[in-house]
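Open the model in a viewer and keep the sequence panel visible. The stops below are in an order that goes from the whole chain to single residues.

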Amino acid sequence: MEVFEKIQSVDLQKVIIGKQKRKIIYLVNPVSGTTKKSTLVNLIEKISKEQELYCEILPTNQRGNYDFLIERIYKDNITDIVIIGGDGTVNHVVGALYDQPVNFGIIPYGSGNGLARAAGIPSKPKKAFELILTGEAKPVDAFLVNEKFACMLSGVGFDAKVAHDFATKTSRGLLTYTQQSIINYFKAQPYQFEVEVNKFKFFTDAFFISVANGNQFGNNFTIAPEANISDGQLDIVIVQKMNKAKLPFAVLKQIRGNNKLETLVENITHRNILYFQTEEIKIKNLKNAPMHIDGEPVETKTDVDIKILPKCFNLILP
Ligand SMILES: Nc1ncnc2c1ncn2[C@@H]1O[C@H](COP(=O)(O)OP(=O)(O)OP(=O)(O)O)[C@@H](O)[C@H]1O
C-alpha cells in the first residue's frame, strides 16, 4: 500500500493535462530480471483507472512476435507501447514495431537494462512509470547487424560468449551475469577479425569488438562512455590482443572514460583498445567468434555488416 501512496503524491496534474488521448499498451516480460512485477502491474492499473487513462497490460512472448500489435495500433489508435523488461525485450518489441506511429517507453526490469540506463530512464519502477506518464518522446538511433534490428549494443567475441553462456542458465540477474563473465575471462582467447571502416581495412586479433549505440553493456558497465543514443553515430570498441593480466586494467581504463575517442589511425597495432565512432562498419569474423545483438546470443556469421539507423524510433525520455 505504501507504494500506491507514494505514487499518488506525484504531481499527476501533469499526467492529465494534454495527455488524455494517449492509449498505452504495457508489455510485461514474465521472466526478465529477478524481481516480481505484480506490484508494478497493480500500480499501473490503479493509477490509470484513477486518471482515466486507457491502459492494457499484455505479456511478452519468447519468440518476439509482435506483428499482432500492428493492427491494434491502427484500429484502436494506440499511441504508446511500454516495455516492462530488459534489453532483449526492448530489442524484440521495438524491432518489430519501429516503423509504426507509436512512442516507446521502458520500465526497466531486466538483468542489465543497458538501453534504459544509457537513456537516463530511472531504475526504480515507480519512477520509470511516472516518467511514462510525464516524459516526452524523442527520436533515438538504432542500428542493423546483418539486417537484424539492434538498439543498445552488439558485438563479437568474449562479451558474446558471456551472453551465450548466460542464456543457458535458468537464473538471470546481475549475479549470474558476473559469474559467467569471470568464468569466461579465464578461458578468453583473442579471435581474428578483418575490420573495414570508411574503406580503411585492417586485421586485428581481439578479445572482443563492441558496437555501441548506448554507452554500456548494462549495469553501468560503460564500455563506450562517449556513446549517445541520439548522435547518429556508433561507438566502436576493439579490445585487442594483450597480456591477459593487463586485460582487466585496460578495460577498466576504458569504462572509466580514460581512453578518448580517436579517429582511426595507422598506429592501431600499438594500442590495447581502439575507440572510435562511425556510421557503418564491416567485420570479417575469421574464426567464427560468437555474436550477440543487444545482449541476446545469435548465430555467428563470417560477414558482419553493421550500419546506423539514425532517429529510428521515439523513446520517452526524462
Ligand atoms: N512470455 C515469455 N516466456 C518466456 N520467455 C520470454 C517471454 N517473453 C520474453 N521472453 C524471453 O525473455 C528473455 C529475457 O528477456 P530480457 O533480455 O528482457 O531480460 P534479461 O536478459 O533479464 O535482461 P537484460 O537483457 O537487460 O540483461 C528474452 O530472450 C525473451 O525471448
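What follows is a list of selections, each with a note on what is there.

**The whole chain**

Begin with the full protein chain, which is a predicted model. The chain holds 10 helices and 15 strands. Of its 318 residues, 41% count as buried. Among contacts between residues at least 6 apart in sequence, 73% join residues at least 24 apart.

**The two domains**

Next, colour 2–134 and 148–310 separately; the domain assignment gives these as domain 1 and domain 2. The contact between them takes 17 residues from domain 1 and 21 residues from domain 2. On the domain 1 side, helix 5 and helix 6 (114–118) each supply at least two residues. Helix 5 has the largest share of that side, with six residues. By class, the side of domain 1 that touches domain 2 has five nonpolar, 10 polar and two charged residues.

**The ligand**

Now select the ligand and its surroundings. Which domains give residues to the shell around the ligand? Domain 1 and domain 2 both do, so the ligand lies between them. The shell has 23 residues, and the closest are Ser32, Gly86, Gly88, Gly110 and Gly112. Select 87–97 to see helix 5, which gives the most to this shell, with three residues. Helix 5 also supplies six residues to the side of domain 1 that touches domain 2. Sorted by class, the shell around the ligand has 17 polar, three nonpolar and three charged residues.

**The nonpolar core**

Hide the ligand and turn to the largest nonpolar core, which has 78 residues. To find the residues with the most contacts inside this core, select Leu27, Ile81, Val82, Ile83, Ile84, Ile107 and Ile209. Strand 15 (residues 303–317) gives the most to the core, with seven residues. At least three core residues come from each of domain 1 and domain 2.

Centre on isoleucine 84. Leaving aside neighbours within four places in sequence, isoleucine 84 is in contact with Tyr26, Leu27, Val28, Asn29, Lys37, Leu40, Ile107 and Tyr109.

**Strand 10 and its partners**

Move to 234–240, which is strand 10. How many of the residues of strand 10 are buried? Seven of its seven residues are. In a regular strand the side chains alternate between the two faces of the sheet. Here Leu234, Ile236, Ile238 and Gln240 point one way, while Asp235, Val237 and Val239 point the other way.

Add strand 9 (residues 200–212) to the selection. Strand 9 and strand 10 run antiparallel and are joined by six bridges. Isoleucine 209, one of the core residues listed above, stands opposite isoleucine 238 in strand 10.

Then add strand 11 (residues 273–278), which pairs with strand 10 in the antiparallel sense over six bridges. Valine 237 has tyrosine 275 of strand 11 as its bridge partner.

**Strand 8 and its partners**

Select 191–197 for strand 8, which pairs with strand 9 in the antiparallel sense over seven bridges. Glutamine 192 has its bridge partner in strand 9, namely aspartate 205. The hairpin of strand 8 and strand 9 has two residues between the strands, and asparagine 198 takes a positive phi near 45° there.

Strand 8 is also joined to strand 12 (residues 280–285) by four bridges, and these two run antiparallel. Glutamate 196 stands opposite lysine 282 in strand 12.

**Positive phi between strands 5 and 6**

Most residues other than glycine have a negative phi. For two exceptions, go to the loop between strand 5 (136–145) and strand 6 (148–150), where asparagine 146 lies. Asparagine 146 has a positive phi of about 45°. In the loop between strand 5 and strand 6 there is also glutamate 147, with a positive phi near 70°.

Is glutamate 147 buried or exposed? Glutamate 147 counts as exposed because it has 7 C-beta neighbours inside 10 Å. Asparagine 146 is partly exposed, with 14 other C-beta atoms within 10 Å.

**A last stop at asparagine 220**

Finish at asparagine 220, in the loop between strand 9 and strand 10. Asparagine 220 is partly exposed, with 14 other C-beta atoms within 10 Å. Draw a distance from its C-alpha atom to that of phenylalanine 203: the two residues are 17 apart along the chain, and the C-alpha atoms are separated by 30 Å.

Technical notes. Residues are numbered from 1 along each chain as its sequence is written. This is a predicted model: local features need pLDDT of at least 70, side-chain atom pairs count only at pLDDT 80 or more; totals for chains, interfaces and linings use all residues. A residue is near a molecule or strand if its C-beta atom, placed from the backbone, lies within 6 Å of it. Ala, Val, Leu, Ile, Met, Phe, Trp, Tyr, Cys and Pro count as nonpolar, Asp, Glu, Lys and Arg as charged, and the others, Gly among them, as polar. Domain bounds come from an automatic or database domain assignment. A residue is buried if 20 or more other C-beta atoms lie within 10 Å of its own, exposed if 12 or fewer, and partly exposed in between; C-beta atoms are placed from the backbone. Two strands pair if DSSP finds at least two bridges between them. Two residues are in contact if their C-beta atoms, placed from the backbone, lie within 7 Å. A nonpolar core is a set of buried Ala, Val, Leu, Ile, Met, Phe, Trp, Tyr and Cys residues joined through C-beta atoms within 7 Å.
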